[in-house]
Amino acid sequence: MKKRLKINGVIIFVAFLSIATFPDFFLRYKRFGSRDAAAQLIGIALILLGQLFRVSARGFKSENSLNGRALIIGGPYTLVRNPMYLGIFLIGLGVVLVLFRWQVAGVFLLIFTLRYILLIFNEEKKLARIFPQEYPEYCSKVPRFFPSLKMLLKKDISEYLPLKLIWIKKEIGSILAVLLITLAADFWLYIKKGDLSAYLHELVWMAGVIIFFMFLAGYLKQADK
């Protein structure tokens, strides 16, 4: 875990250094087209959806893994085999859509793939050794990373994204940090452009998206009881 955190820390540091060095390439200074507005709203939605996946996956795993002795196939793991990584992907892509130029999405996809593909494969090999019968059967039924549309439509969202208040409390710091830093950076970009009225207009729509996800989290929490 410490090694993983160090690698992620290095990636974040290099990303910040690159953005500070080449802001015109990365940051979305030219505002405000309809595509930009749509991208930002979609980005906020992806950040919040990614947080739901991450919190649900971590909480479900902590309560059902029996310290690694049990293969987890319920909750968000019925949808994809790597829901925590899917959550991280959605959060990262959401931040890119809110703050950065369109070409940065390609850079993000490349970095994410290079960072996590070997990690996922190594974890799968480990699980196959620990659970030689159950894991191959599980892999044959559940996709590795992106959920199937059929599965999404077949089940109620509360079946694959259970949520508990204790899980939210453990992650609330990181949830708020990502959201507030993203909104603050977006605010700074608008101030730099001198278009505060457009930001306030956008903020109203963003608030609507956030409120929707708050109601969704409440529904998932109640459904889990």
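The legends below describe close-up views of a predicted model.

**View 1. Surroundings of tryptophan 102.**
Tryptophan 102 sits in the loop that runs between helix H4 (83-99) and helix H5 (103-130). Its relative accessibility is 41%, so tryptophan 102 counts as partly exposed. Leaving aside residues up to four places away in sequence, tryptophan 102 is in contact with Arg28, Arg35, Asp36, Ala39 and Leu97. One of these contacts, alanine 39, is 63 residues from tryptophan 102 in sequence, while the two C-alpha atoms are 9.3 Å apart in space.

**View 2. The largest nonpolar core.**
This core has 58 residues, and those touching the most other members are Ile44, Leu48, Leu52, Leu86, Phe89, Phe100 and Phe145. Two or more residues come from each of H3, H4, H5, helix H6 (134-141), H9 and H10. H4 gives the largest share of the core, ten residues. Among the core members named above is Leu52. Apart from residues up to four places away in sequence, leucine 52 touches Leu161, Leu163, Phe213, Leu216, Ala217 and Leu220.

**View 3. The second largest pocket.**
The second largest pocket holds about 360 Å³ of space. It is lined by 16 residues, of which Leu52, Ile175, Phe213, Met214 and Ala217 are the closest to the pocket centre. At least two lining residues are supplied by each of helix H3 (34-64), helix H9 (165-193) and helix H10 (196-223). H10 provides the largest share of the lining, six residues. By residue class, the lining of this pocket consists of 13 nonpolar, two polar and one charged. Leu52 appears here among the residues closest to the pocket centre and also among the core residues that touch the most other members. Two of the contacts of leucine 52, Phe213 and Ala217, are likewise among the residues closest to the centre of the pocket.

**View 4. Salt bridge between glutamate 171 and arginine 58.**
The model contains six salt bridges. In one of them glutamate 171 pairs with arginine 58, and the closest N and O atoms are 3.5 Å apart. The pair connects distant parts of the chain, with glutamate 171 in helix H9 and arginine 58 in helix H3, 113 residues apart. Glutamate 171 counts as buried because its relative accessibility is 10%, whereas arginine 58, at 41%, is partly exposed.

**View 5. Salt bridge between arginine 144 and glutamate 124.**
The side chains of arginine 144 and glutamate 124 form a salt bridge with an N to O distance of 2.9 Å. Arginine 144 belongs to the loop between H6 and helix H7 (149-154) and glutamate 124 to helix H5, so the bridge ties together parts that are 20 residues apart in sequence. With 34% relative accessibility, arginine 144 is partly exposed; glutamate 124, with 11%, is buried.

**View 6. Salt bridge within helix H6, and a network elsewhere.**
Lysine 141 and glutamate 137 meet through their side chains in a salt bridge of 3.3 Å, N to O. Both residues lie in helix H6, four residues apart, which is about one turn of the helix. Lysine 141 is exposed at a relative accessible area of 58%, and glutamate 137 is partly exposed at 45%. In a separate group, Arg54, Arg58 and Glu171 are joined into one network by salt bridges that share partners.

Definitions and conventions: Residues numbered from 1 in each chain as written. Predicted model: local features only at pLDDT ≥ 70, side-chain atom pairs only at ≥ 80, totals over all residues. Heavy atoms only, no water. Buried < 20%, exposed > 50% of the residue type's maximum accessible area, 1.4 Å probe, protein only. Contact = heavy atoms within 4.5 Å. 1 Å grid on protein atoms, 1.4 Å probe; cavity = no way out; pocket = protein on both sides within 12 Å on 5 of 7 lines; lining within 4 Å. Points joined across faces, edges and corners; volume = space filled by probe spheres on them. Nonpolar A, V, L, I, M, F, W, Y, C, P; charged D, E, K, R; others polar. Core = buried A, V, L, I, M, F, W, Y, C linked by side-chain atoms within 4.5 Å. Salt bridge = Lys/Arg side-chain N within 4 Å of Asp/Glu carboxyl O.
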